[in-house]
Every structure is written in structure tokens, then in C-alpha cells.
Amino acid sequence: MKAVVTGAAGFIGSHLSERLIEAGATVVGIDCFTEYYPRELKERNVTRLRQNPLFSLVEQPLATADLPSLLNDATHVFHLAAQSGVRKSWGRDFHVYTVNNVEACVGKPIERFVYASSSSIYGDEVTLPMREDARPQPVSPYGVTKLAAEQLCYLYYVNHSVPTVALRYFTVYGPRQRPDMGFSRFFEAVLHDEPVPMFGDGRQTRDFTFVTDAVSATVASATRGTPGGVYNIGGGSRVELLDVFELIRIITGRALRLSRLEAQRGDMRDTYADTTRARTDLAFAPTVTLEQGLRAQYEWITASNDKR
């Protein structure tokens, strides 16, 4: 396998690149190191990767990169690059990375083009657990763009036979999680004896997916995913935010001072994935419980803080 991974210095992209190299693949990573969060964090993500001769990193925006050349001899594309975050999507310019990327695959012998979509495409009017054939009604610009990119992938599959596969990730967490995401913010607040932000009443629920499980599904989709198909990738349980805070209290051994804030625009009330299709086609089965995953993320955060 020769893989091109966009967003390779990011949270999921760096884990995916490492897994692919461990399996013997050659990986060309593309990342433009946007100023969305400190560059040093993303540099740390690719420290090990840069030491491996099977990995090369191209620092360039997808909009200006020479994608046809970068895709020469590539067998797989994993498209994870995006302007991240539901709350940050309001009032921002979202670049459509996907158009140029999938267009460059037309006529090339790509075996799979794997697109990282999101549970945010579903919105709040979908029956739980969420099935891939439900009618999507996203409630944030982020969800809208993710859904639009899914449709673009399908368009290129139907009209140009590009073998696209879309994965709808459900709240991925774990080591290297972006600093603006929930668990990172919660742990940092506890460690620094600061108030922990709680948006809404705390009764909202999420299907949390540990990053290694998300990566396993992503790698499997590169060989087992049905071209033109869409898959939910979830952690297998529906958990209230208040229960997450209790787990964090147990793991850290510290009391949490909750700061109650108004619910945020674009935040879905509940998510819960029906992963039947992923189990059948990808042999996907999450292996990491929420408590195990939170402990792993906490250990990574404390170790990272010790190095500062």
C-alpha cells in the first residue's frame, strides 16, 4: 500500500499514519499546520513519524498542493484534513478541501478513497440509534459541509468510478485529541484547578469512540469498505455528560468544579451509532471502554504537561 493521508499531523491522522506504517505501508502525509491550535502540538504528533523512512510529510494547503503528482503510484487516499469543530464553524469560511482531492483521483488506479465524515451530519431529528439510511438534517455549518463532502464523494463514485468510502466518526477521543475538544478541556481544567465548562444541563448524551478503534475501522475500510458506501463508526454506548464528569473525578482523584454555561448553537442533543453495517462489512468492533480510554488520555495529558 502507498497511502496519501491528508491532515496527517492532526489527531486522528497521525495515529492512522503510524498504524499504516506499522503494517508496512508507505505514507505521504499532507498537512498545512493551520493556526487553529499551537503548531508545537501537531509537530509533537509527527515526531515519531518523521523518523521513519516510510513516511514523508508535505507541508502545504490542499488548495495549492500538486495533488496529481502527490497521488502518483498511490493506492489509497485517506482524506482527514478539515477545518475542525462544530462551535468554531459559525461565521468562519469553510474551505471545501474535498473537491480538489477527489477530483485528482479521477482516472488514477486508486483502490479506495476514504473520507472522514462525522455524526454531525445527522442533526437532532433522527431516531436513535442513528442508522446510515436516516435522513440527515445537520444543525451546524460543520455538519452541513461534512454532508456536502459525502455527497461529492458519492458523485465521483457514480460518475467517475472513484471508489470512495465515507466514515461517520462519533466523537473520537484519546491521546493527541485537539486542545479545544471536550475531554482535553475537562482534564486540563481539573489539573489546573480551574472550573470545568459544562454546556447545557449535562444530560446530553454522546457515543464516544476511542481513537485506536476509529483507526482500526479506517484501515479496514481501505480494503473491505464498499465503494460508494457510508459507515457509522461509534464506540458502542450512549453516555451522559454528567457520567463523564464522574469518571473523570474517579480517574483523576480530584473533585470537579463545574461551570454551567448555556447550550451552544450547533451542538447536537444526543448521538448514538448503529454500527451494524460497519460490523458486517468492516468486521468493526470497538475494543476500548470509555473508562479505559479516558485513563489513556489522562495519562497522555499528564505526561505531556510534565515535558513542558
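# Briefing: helices, cores and backbone outliers

Helix H6 (residues 141-160) has 20 residues, which should span 28 Å at 1.5 Å a residue, and its end C-alpha atoms are indeed 28 Å apart. The model is predicted. Its protein chain averages a pLDDT of 93, and 95% of the residues score at least 70. One stretch falls short: over residues 89-95 the pLDDT is below 50. Even there, the model has 15 contacts beyond near neighbours in sequence.

**Helix H6 and its surroundings**

- Buried residues of H6 are Tyr-142, Gly-143, Lys-146, Leu-147, Ala-149, Glu-150, Cys-153 and Tyr-156.
- Two of these, Lys-146 and Glu-150, touch Ser-117.
- Ser-117 sits in strand E5 (residues 112-118).
- Is Ser-117 buried or exposed? Ser-117 is buried, because its relative accessible area of 3% is under the 20% cut-off.
- The side chains of Ser-117 and Glu-150 are joined by a polar contact of 2.6 Å.
- Setting aside residues up to four places away in sequence, Ser-117 also touches Leu-167, Arg-168 and Tyr-169.
- Just after H6, Ser-161 takes a positive phi of about 60°.

**Glu-103 and His-160**

- Glu-103 belongs to helix H5 (residues 97-103).
- With a relative accessible area of 41%, Glu-103 is partly exposed.
- Glu-103 and His-160 are 57 residues apart along the chain. Their C-alpha atoms are separated by 9.2 Å.

**Helix H9**

- H9 (residues 241-252) has twelve residues. From first C-alpha to last, H9 reaches 17 Å, close to the 16 Å expected at 1.5 Å a residue.
- The buried residues of H9 are Leu-241, Val-244, Phe-245, Leu-247, Ile-248, Ile-251 and Thr-252.
- Seen down the axis of H9, these residues fall within an arc of 160°, so they line one face of the helix.
- What do the buried residues of H9 pack against? Their partners include two helices, H7 (182-191) and H11 (290-307). Strands E8 (196-199), E12 (239-240) and E13 (258-261) are also packed against them.
- Just after H9, Gly-253 has a positive phi of about 70°.

**Helix H1**

- H1 (residues 11-22) also has twelve residues. H1 reaches 17 Å between its first and last C-alpha, close to the expected 16 Å at 1.5 Å a residue.
- H1 is mostly covered, with ten of its twelve residues buried.
- Nonpolar residues are on that list, including Phe-11, Ile-12, Leu-16, Leu-20 and Ile-21. The list also holds His-15, Ser-14, Ser-17, Glu-18 and Gly-13.
- Just after H1, Gly-24 takes a positive phi of about 95°.

**Nonpolar cores**

- In soluble globular proteins, nonpolar side chains tend to be buried together.
- The largest nonpolar core here has 57 residues.
- Which residues have the most contacts inside this core? They are Phe-78, Ile-233 and Leu-290.
- Beyond its neighbours within four places in sequence, Phe-78 contacts Met-1, Ala-3, Val-4, Val-5 and Thr-6, among others. Leu-16 and Leu-20 are also in contact with Phe-78. The remaining partners are Val-114, Thr-218 and Ala-222.
- Leu-16 and Leu-20 are both buried residues of H1.
- A second, separate core has 23 residues. Among them are Leu-71, Val-77, Cys-105 and Ala-149. Ala-149 is one of the buried residues of H6.

**Backbone outliers**

- Most residues other than glycine have a negative phi, and most peptide bonds are trans.
- The peptide bond from Leu-128 to Pro-129 is cis, with omega near -10°. Pro-129 is placed in the loop between E5 and H6.
- Asp-73 is not a glycine, yet has a positive phi of about 70°.
- Where does Asp-73 lie? Asp-73 is in the loop between helix H4 (67-70) and strand E4 (76-79).
- Asp-73 is exposed, because its relative accessible area of 67% is over the 50% cut-off.
- Thr-171 is another residue other than glycine with a positive phi, near 40°.
- Thr-171 occupies the loop between strand E6 (164-169) and strand E7 (172-173).
- At 25% relative accessibility, Thr-171 counts as partly exposed.

Note on methods: Residues numbered from 1 in each chain as written. Predicted model: local features only at pLDDT ≥ 70, side-chain atom pairs only at ≥ 80, totals over all residues. Heavy atoms only, no water. Helix = DSSP H or I, 4+ residues; strand = E, 2+ residues; numbered from the N terminus. Expected span 1.5 Å × (residues − 1). Buried < 20%, exposed > 50% of the residue type's maximum accessible area, 1.4 Å probe, protein only. Arc of directions from axis to C-beta. Contact = heavy atoms within 4.5 Å. Core = buried A, V, L, I, M, F, W, Y, C linked by side-chain atoms within 4.5 Å. pLDDT = per-residue confidence, 0-100. Polar contact = N/O pair within 3.5 Å; in protein donor to acceptor, adjacent residues only side chain to side chain.
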